[in-house]
Amino acid sequence: MRLSNYFMPVLKETPADATIASHQYMLRAGMVRQQSAGIYAWLPLGHRVLKKIEQIVREEQDKAGAVEMLMPTIQSADLWKETGRYDAYGPEMLRITDRGDREMLYGPTNEDMITDIFRSYVRSYKSLPLMLYHIQWKFRDERRPRFGVMRGREFLMKDTYSFDIDEAAARKSYYKMFVAYLNTFARLGIQAIPVKADPGPIGGDLSHEFVILAESGESGVFCHSDLLEMAAPGEVDFDSDLSDHVDKRMALYAATDEKHDEAAFAAIPKDKQMSARGIEVGHIFYFGDKYSGPMKADVMGSDGKPHTIMGGSYGIGVSRLVGAIIEASHDENGIVWPKSVAPFGVGIINLKSDNEDTNAVCETLYSQLSKAGVDPLYDDSSDRGGVKFSRMDLIGLPFAVTVGPRGIKEGVIEVKNRATGERQSLTPDAAAKFLISEFTS
RNA sequence: CGGAGUGUAGCGCAGUCUGGUAGCGCACUAAGCUGGGGGCUUAGGGGUCGUAGGUUCGAAUCCUAUCACUCCGACCA
């Protein structure tokens, strides 16, 4: 992409409304625009990141055997009355009526609808286990939206629902998602810790939050520091026994402040005690027959008798992750994107846009990188160098290449690593080769 | 939902207390000088002061209502 053809309205000054780094940088980098309290328009740069995160989440769900679909944002109140949640959910649910005065709602979650879909098609235990997911916008009318996209009212969420014949089978599904989440967050470039959680209003008795540590986190987290060292499982056979991956993590103490047990925490060796702030980026629940019971979602078992299915739901806050990743990865100059979610791979800075030599080098590099799929952003504007440098630092692409007349005279251009600050002078060809290798390993 | 604030140009703000016909910086437009970390000069354009009433000869400024947004708390992907 050429900057001259793009729409990336960066701000020099920090908007007064934003108080935390991720919100400030998202506004300054022109990623989002607030349209209403907790409701954002995703501008091109932010949209790219959102889609990258979404795609990684999708790929990891697919690997775990979940099947993608798409349910509507607007739901009829009927199903919610059937499960009793229409009254239970309270004012957080946005209720609307259509022209026929029928009660509708903008979905805050989809357990009721997916259970309805399930019960209308699935008749036999032979169709199980089944995991269905979608990535769809949700609306929860929060009392107090804040922190930009981290606590919006409208947000993009991946929600998976599992259906199993009994509790033992349901636990396997739970473990699959547990492992899928570890892999997902690792690919997103963040260290997420599974923490025992309160099942909350969704109900159930097996529940974990996945939190990443960041100073601006909304909850306190206490855990065994080994949890931060464990590598994600990576490529695994999801039909195999996953309990090793899960159990060794569950064995270590980890809790948010509301479930914190001082005595259990004190039992951790002193040098392994970790207490910090955390951002919840995922939450998984096993809730048994909470929905399948009242909605009569049952299948015929091998014993010839109907069995109420045992369910779970598994959420990842996709739009929240955009902010959360920035919270976990930024410096005083701006965002530092992990490679996997960066909106572009490499920034190309042409220091003198009216110079034939620098233009030629930039054009060649731009075309080489584009062909290799590195997705460069070429700053071909006539702004001064300083403006280009600081803008590039702000939007946080993994690498920035500086092409200027001074370097060209010596046959070199400069490649800077955004995360480490390390700079190297290379010939244009060597730079292209280096950058392409960085993104194809 | 309790408490505290803020709405003046695209962004950041001053002006409000003490009423007199709206200003600064950045950004934007034009020209020129510049050119390796947010440059300089000159000349421009842009605002029914959140909205609606009221008081007054006169309201950004005082009064009333209302809307929106932010922050702190209690709650949440």
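Tutor: Before we start, one term: buried area is the accessible area, with a 1.4 Å probe, that two parts lose on being put together, summed over both. And keep in mind that this is a predicted model.

Student: Okay, so how much area do domain 1 and domain 2 bury between them?

Tutor: Chain A splits into domain 1 (3-334) and domain 2 (344-440). Of what these two bury between them, 64% is on carbon and sulfur atoms. The total is about 1,100 Å².

Student: Which residues in domain 1 lose the most area to domain 2?

Tutor: Three residues stand out on that side, together making up 42% of what it buries. They are Leu3, Arg48 and Asn333.

Student: How many residues of domain 2 are in contact with domain 1?

Tutor: Contact here means heavy atoms within 4.5 Å. Domain 1 brings 14 residues to the meeting. On the side of domain 2, the number is eleven.

Student: What is the distance between the N and O atoms in the salt bridge of Arg418 with Asp331?

Tutor: The rule finds two salt bridges across the interface of domain 1 and domain 2. For a pair to count, a side-chain nitrogen of Lys or Arg has to lie within 4 Å of a carboxyl oxygen of Asp or Glu. Arg418 and Asp331 meet that, with their closest N and O atoms apart by 2.7 Å.

Student: Which elements give two or more residues to the side of domain 1 that touches domain 2?

Tutor: By class, that side has eight nonpolar, three polar and three charged residues. The elements that each supply two or more are helix 1 (21-28) and helix 2 (44-63).

Terms used
Residues numbered from 1 in each chain as written. Chains lettered and ligands numbered in written order. Predicted model: local features only at pLDDT ≥ 70, side-chain atom pairs only at ≥ 80, totals over all residues. Heavy atoms only, no water. Domains from an automatic or database assignment. Helix = DSSP H or I, 4+ residues; strand = E, 2+ residues; numbered from the N terminus. Nonpolar A, V, L, I, M, F, W, Y, C, P; charged D, E, K, R; others polar.
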